[in-house]
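Welcome! Here is a short guided tour for anyone meeting this structure for the first time. Please take a look at the sequence and the model before reading on.

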Amino acid sequence: MTSESIPELISFKVCPFVQRSAITLKEKNVDFKTTYVDLKNLPDWFADVSPLGKVPVLRVDDSIFFESAVIAEYLDERYSPSLHPDDLLQKARHRSWTEFASDITMNMFAMLHAKTEHDFQELKNKVAKQLTQVEKEIHPQGPFFAGDVFSLVDASYAPIFLRLYLIDQAYKLDIFPATGRIADWSNALLKRDSVIQSVVDDFEDIFMDYTKNSGSFLSQQIN
Ligand SMILES: N[C@@H](CCC(=O)N[C@@H](CS)C(=O)NCC(=O)O)C(=O)O
């Protein structure tokens, strides 16, 4: 195999989709470098590497690719240990629940940035309902989605749980199902080294400032 340069992850500090890629890289102990962009003030070169205008983007030598799911699949095939189950049907199921995490992530973002209380409550109910849907799929003994083995599904839910946890400290969301299984899963993920190390040290401040400056209903409650 020819030698590769270390992968470069193009990131926006508060992006949950980038965080998935960073968690996956950390789980696999891959040395990588991170280049941060400001999505509100993008550098000229960004359009050349990101046809959709989004992060994450991964650059490996002269190859550039985008979409967190594509990056996760590449990393999983390229570096061990695999974070997918071997069984093809289970693997497909894991991919489905990762897609589901993308939908929750978008609804959570919309909830955090909703301008009115009505929209906020509606989106909160949507996210809460989705959490009860995924709860039925978690391994009964936990601590992770598929039991004691961390998988790419976990990498896609940890960024959601981190943001909900931080917001909850400033404004009680009470969004987790009462059974506590999602809360247990969230606790297990937020303690995981790869998750802790997947964001910048001052993530809490940056994320809370980003949310407080959004002009949303929630920002008025926590400012
Ligand atoms: N489906 C994409 C979603 C990525 C995404 O929405 N990234 C946001 C930041 S968290 C972004 O770059 N937004 C810029 C824009 O939409 O203009 C993925 O999974 O990578």
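Does D174 count as buried or exposed? With a relative accessibility of 63%, D174 counts as exposed, because the cut-off for that class is over 50%. Please keep in mind throughout that this is a predicted model.

## Residues with positive phi

D174 is a good place to begin. It is found in the loop between α6 and α7 (181-190). Its phi is near 45 degrees, a positive value in a residue other than glycine.

D61 can be read alongside it. Phi of D61 is near 50 degrees, again positive in a residue that is not glycine. This residue lies in the loop between β3 and β4 (63-66). D61 counts as partly exposed, because its relative accessibility is 36%.

## Helix α1 and its surroundings

Now turn to helix α1, which covers residues 16-27. At 1.5 Å a residue, its 12 residues should span 16 Å, and the C-alpha atoms at its ends are 16 Å apart, so the two values agree. Just after α1 comes N29, whose phi is positive, near 55 degrees.

How many residues of α1 are buried? The helix is mostly covered, with 11 of its 12 residues buried. These are P16, F17, V18, Q19, R20, S21, A22, I23, T24, L25 and E27. They pack against strand β1 and against four helices: α3 (68-78), α4 (88-113), α6 and α8 (193-196).

## A buried serine in β1

Strand β1 spans residues 8-11, and S11 has its place there. S11 counts as buried because its relative accessibility is 4%. Leaving out residues up to four places away in sequence, S11 touches V18, T34, T35, Y36, V37 and V55. One of these partners, V18, is also among the buried residues of α1.

## Around the ligand

Which residues are found around the ligand? They are C15, P16, F17, L39, G53, K54, V55, P56, E67 and S68. P16 and F17 have already appeared as buried residues of α1.

Three polar contacts can be followed by eye. A backbone N or O atom of V55 lies 2.9 Å from an oxygen atom of the ligand. In E67, a polar side-chain atom is 2.8 Å from a ligand nitrogen atom. In S68, an N or O atom of the side chain is 2.6 Å from an oxygen atom of the ligand. On its own the ligand has 510 Å² of accessible area, and the protein covers 71% of that.

## Two cis peptide bonds

V55 also takes part in a cis peptide bond: the bond from V55 to P56 has omega near 5 degrees. P56 sits in the loop between α2 (46-49) and β3 (57-60).

Another cis peptide bond joins G142 and P143, with omega about 0 degrees. P143 is found in the loop between α5 (117-135) and α6.

## The nonpolar core

P143 leads on to W185. Leaving aside neighbours within four places in sequence, W185 is in contact with V134, I138, P143, F144, F145, D154, Y157 and F161.

W185 also belongs to the largest nonpolar core, which has 70 residues. The residues with the most contacts inside this core are M111, L131, V134, Y157 and W185. Which helix gives the most to the core? That is α6 (residues 152-170), with 11 residues.

## Two more stops: I196 and S214

I196 has its place in helix α8. It counts as partly exposed because its relative accessibility is 48%. Beyond residues up to four places away in sequence, I196 touches L190 and K191. I196 and L162 are 34 residues apart along the chain, and their C-alpha atoms are separated by 9.4 Å.

The tour ends at S214, in the loop between α9 (203-212) and α10 (217-222). S214 is buried, because its relative accessible area is 16% and the cut-off is under 20%. A polar atom of its side chain lies 2.7 Å from the backbone oxygen of T211. Not counting residues up to four places away in sequence, S214 touches L112, H113, K115 and S219.

How values were computed. Residues numbered from 1 in each chain as written. Predicted model: local features only at pLDDT ≥ 70, side-chain atom pairs only at ≥ 80, totals over all residues. Heavy atoms only, no water. Buried < 20%, exposed > 50% of the residue type's maximum accessible area, 1.4 Å probe, protein only. Contact = heavy atoms within 4.5 Å. Core = buried A, V, L, I, M, F, W, Y, C linked by side-chain atoms within 4.5 Å. Expected span 1.5 Å × (residues − 1). Near = heavy atom within 4 Å. Polar contact = N/O pair within 3.5 Å; in protein donor to acceptor, adjacent residues only side chain to side chain. Areas by Shrake-Rupley, 256 points an atom, 1.4 Å probe, with all protein chains shown as cover.
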